[in-house]
Amino acid sequence: MVKPTRVTNHIRALRFAHGEMTQAALAERIGVTRQTLIAIEQGRYSPTLETAFRIARVFRVPLDDVFGYPDIHEETP
C-alpha cells in the first residue's frame, strides 16, 4: 500500500487560472506522463525537485505558490 504524501499542491487551481490548461498539456510541458501529473496533483506522489521547479516555471510563480508542506507545529503525533 502506498502512503500518500504530506506535500500539498495548488496545481489544479493554477491550471484553471492559466486558461484551463489540461493535465495532458502541463504534463507535456514538464516532461512527465499525464498519469504522473495526476498522481502529483492528487497528492499520491511527490514530484522530484526538478519536476517541482518545472511546474512552478510553467506558471511563473515561486515554488511555495505551487507546493506546501505542513509546518512541524501543525503535525499531530
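**Entry 1: overall picture**

I started with the contacts: of those in the protein with a separation of 6 or more, 58% join residues 24 or more positions apart. I'm noting here that this is a predicted model. Next I looked up the secondary structure and found five helices and two strands. Reading along the sequence, I get the pattern β-α-α-α-α-α-β. I then checked burial, and 31% of the 77 residues count as buried. The exposed surface comes to about 5600 Å², with carbon and sulfur atoms supplying 54% of it.

**Entry 2: H2**

I went to helix H2, residues 23-30. Which residues of H2 are buried? I found Gln23, Leu26, Ala27 and Ile30 on that list. Their arc around the axis is only 100°, so they sit on the same side of H2. Glu28 and Arg29, on the other side of H2, are exposed. I also wanted to know what covers the buried residues of H2. The cover includes helix H1 (11-17), along with H3 and H4.

I looked at what comes after H2, too. Gly31 follows the helix, and its phi is positive, near 80°.

**Entry 3: H2 against H3**

How do the axes of H2 and H3 cross? They come within 8 Å of each other and cross at roughly 105°. Angles of 65 to 115 degrees count as roughly perpendicular, and H2 and H3 are therefore roughly perpendicular to each other. I listed the residues that meet: from H2 there are Gln23, Ala24, Leu26, Ala27 and Ile30, and from H3 there are Arg34, Leu37, Ile38 and Glu41. Sorted by class, this contact has six nonpolar residues, one polar and two charged. I see that Gln23, Leu26, Ala27 and Ile30 turn up here and are also the buried residues from the previous entry.

**Entry 4: Glu41**

I picked Glu41 out of the H2 and H3 contact for a closer look. Glu41 lies in helix H3, which covers residues 34-41. Is Glu41 buried or exposed? Its relative accessibility is 14%, and buried means under 20%, so Glu41 counts as buried. I then wrote down what Glu41 touches, leaving out residues up to four places away in sequence: Asn9, Ile11, Arg12, Arg15 and Gln23.

**Entry 5: His10**

From Glu41 I moved to His10, in the loop between strand E1 (8-9) and H1. The C-alpha atoms of His10 and Glu41 are separated by 7.8 Å, although the two are 31 residues apart along the chain. His10 counts as partly exposed, at 44% relative accessibility. Which residues is His10 in contact with, apart from neighbours within four places in sequence? I found Asp65 and Val66.

**Entry 6: H4**

Helix H4 covers residues 49-59. I looked up its buried residues and got Thr51, Ala52, Ile55, Ala56, Val58 and Phe59. Seen down the axis, they fall within an arc of 160°, so they line one face of H4. What do the buried residues of H4 pack against? I noted H1, H2, H3, H5 and strand E2 (67-68).

On the other side of H4, I found Leu49 and Arg57 exposed. Leu49 stood at 58% relative accessibility; over 50% is exposed, so Leu49 counts as exposed. I also checked Leu49 against Leu63: the pair is 14 residues apart in sequence and 9.9 Å apart in space, C-alpha to C-alpha.

**Entry 7: positive phi outside glycine**

After Gly31, I looked for positive phi in residues that are not glycine. Glu20 is one of them, with phi near 55°. Where is Glu20 found? I placed it in the loop between H1 and H2. Glu20 is exposed, with a relative accessible area of 57%.

Arg60 also has a positive phi, of about 55°, although it is not a glycine. Arg60 comes just after H4, in the loop between H4 and helix H5 (63-66). I looked up its exposure as well: Arg60 is exposed, with a relative accessible area of 80%.

Note on methods. Residues numbered from 1 in each chain as written. Predicted model: local features only at pLDDT ≥ 70, side-chain atom pairs only at ≥ 80, totals over all residues. Heavy atoms only, no water. Axes fitted to C-alpha atoms, helices over the stretch in contact; angles between N-to-C directions. Helix = DSSP H or I, 4+ residues; strand = E, 2+ residues; numbered from the N terminus. Parallel < 35°, antiparallel > 145°, perpendicular 65-115°, else oblique. Contact = heavy atoms within 4.5 Å. Nonpolar A, V, L, I, M, F, W, Y, C, P; charged D, E, K, R; others polar. Buried < 20%, exposed > 50% of the residue type's maximum accessible area, 1.4 Å probe, protein only. Areas by Shrake-Rupley, 256 points an atom, 1.4 Å probe, with all protein chains shown as cover. Arc of directions from axis to C-beta.
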